[in-house]
Amino acid sequence: MHDLPYARPVVTDRTAREQPLVELRDLGRDYAGVAALYELDLEVAAGQAIALVGHNGSGKTTALTMLAGRLEPTRGTVKVAGVDVYRPGGSAAVRSLVSFVPDAPALYADLTVADHLDLVGLAHGVEDFDARAAALLERFDLAERRHLLPRELSRGMRQKTQLSCALLRPFGVLVLDEPVSGLDPPSRRALHGLLAEAKQEGAVVMFSTHQLGFAEGLVDRVIVLADGRVAMAGTYEHVVASGEVDELGLS
Ligand code: ADP
């Protein structure tokens, strides 16, 4: 099997390595004057993974979409590799560094699985494209379905197509909104392994999930959101032991 170094090594010198790759400061968002996220403060270094956990409506999508450069914050800042994402020029940093998987697969109705990968390969100038694309299709068990259109795929297969596109391109920060939903256990294991590899390569991995168990053995920190506020944050073990997730019915 082909080795898959997905992540773009964005941090090259020693001084930069000590700087966080992702910095969220007092990050908040209102919709029509109502706060969906109050104040999120977070620093994430290269090679770290964070899980955002919380009920529907707790603010996970809002936080991740702002990190991905697709939703202007009402308050606070998002910095990726030291660049303020919402200042002029910031969108270029996002495009080159942040790979984003939205909560619902957004695929082209007239393009096959393989076409989607071709498109991403071209747009992002993916090196060693054939081997990487083939390895991803293999690991997500999509190789035999690569000539199918989105309407011919199950929900989980569409999700895996979207995940393959995000993992194929170079990135320094991988942001995934509910990547596990719709995946069967073998696909979940494949994704867990791929995220662990991305992390090992030095990427920041941030994802939201309802399935706290998916974060086990993968993340450095779990952040529990409730009604737009951080209810608890800590290591996976700490959060599980605290009982907070039981109390919120999230375990
Ligand atoms: P989660 O991802 O945890 O389910 P969201 O970030 O999607 O939470 O939503 C947080 C809150 O913001 C919810 O109360 C939701 O109704 C509200 N919200 C999200 N998007 C919009 C929008 N585009 N317009 C108005 N309210 C929104």
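Helices here are DSSP runs of H or I with at least four residues, strands are runs of E with at least two, and both are numbered from the N terminus. The structure is a predicted model, so local features need pLDDT of at least 70 and side-chain atom pairs count only at pLDDT 80 or more, while totals for chains, interfaces and linings use all residues. Residues are numbered from 1 along each chain as its sequence is written, and side-chain values use heavy atoms, with hydrogens and water left out.

Helix 2 (residues 60–67) makes a handy starting point. Helix 2 is mostly covered, with seven of its eight residues buried; buried means under 20% relative accessible area, exposed means over 50%, and partly exposed is what falls in between (1.4 Å probe, protein chains only). The buried set is made up of Lys-60, Thr-62, Ala-63, Leu-64, Thr-65, Met-66 and Leu-67. After helix 2 comes Gly-69, with a positive phi near 80°.

Now for the sheets. One open sheet has six strands in the order 6-7-8-3-9-10, and its pairing is mixed; two strands pair if DSSP finds at least two bridges between them. Strand 6 (98–101) and strand 10 (229–234) sit at the edges with a single partner strand each, so one side of each has no neighbour in the sheet. On average, neighbouring strands of this sheet are turned by 15° against each other, direction ignored. Axes behind such angles are lines fitted to C-alpha atoms, for helices over the stretch in contact, and angles run from 0 to 180 degrees between N-to-C directions. Within the sheet, strand 3 (residues 49–53) and strand 8 (residues 204–209) run parallel and are joined by five bridges. One pairing to look at is Ala-51, whose bridge partner in strand 8 is Phe-207. Helix 2 packs on this sheet, touching strand 3, strand 6, strand 7 (173–176), strand 8 and strand 9 (221–226), and its direction makes about 155° with that of strand 8. Contact means heavy atoms within 4.5 Å. Helix 6 also packs on the sheet, touching strand 6 and strand 7, with its direction at about 175° to that of strand 6.

The other open sheet described here has four strands in the order 2-1-4-5, with antiparallel pairing. Its edges are strand 2 (34–44) and strand 5 (83–84), each with a single partner strand, so one side of each is left without a neighbour in the sheet. Strand 1 (residues 22–31) runs antiparallel to strand 2, and seven bridges join the two. Across this pairing, Asp-30 stands opposite Ala-35 in strand 2. Helix 2 packs on this sheet as well, touching strand 1, strand 2 and strand 4 (75–80), and its direction makes about 125° with that of strand 1.

What about the nonpolar interior? A nonpolar core is a set of buried Ala, Val, Leu, Ile, Met, Phe, Trp, Tyr and Cys residues joined through side-chain atoms within 4.5 Å. The largest such core has 46 residues, of which Phe-140, Leu-195, Phe-207, Val-219 and Val-222 touch the most other members. Helix 6 (residues 155–168) gives the most to this core, with six residues. A second, separate core of 29 residues includes Met-66, Phe-100, Met-206 and Ile-223. Back in the largest core, and leaving aside neighbours within four places in sequence, the contacts of Phe-207 include Ile-50, Ala-51, Leu-52, Leu-64, Leu-176 and Leu-195.

The ligand comes next. Among the residues around the ligand are Tyr-31, His-55, Asn-56, Gly-57, Ser-58, Lys-60 and Thr-61, counted by having a heavy atom within 4 Å. A backbone N or O atom of Gly-57 lies 2.7 Å from an oxygen atom of the ligand, and for Ser-58 the corresponding backbone distance is 3.1 Å. Thr-61 uses its side chain, with a polar atom 2.7 Å from an oxygen atom of the ligand.

Finally, a few backbone oddities. Most residues other than glycine have a negative phi. Asp-26 is not a glycine, yet has a positive phi of about 45°; Asp-26 lies in strand 1 and counts as partly exposed because its relative accessibility is 39%. Glu-178, also not a glycine, has a positive phi near 50°. Glu-178 sits in the loop between strand 7 and helix 7 (185–200) and, at 11% relative accessibility, counts as buried.

Technical notes
A polar contact is a pair of N or O atoms within 3.5 Å; within protein, one must be able to donate a hydrogen and the other to accept it, and residues adjacent in sequence count only if both atoms are side-chain atoms.
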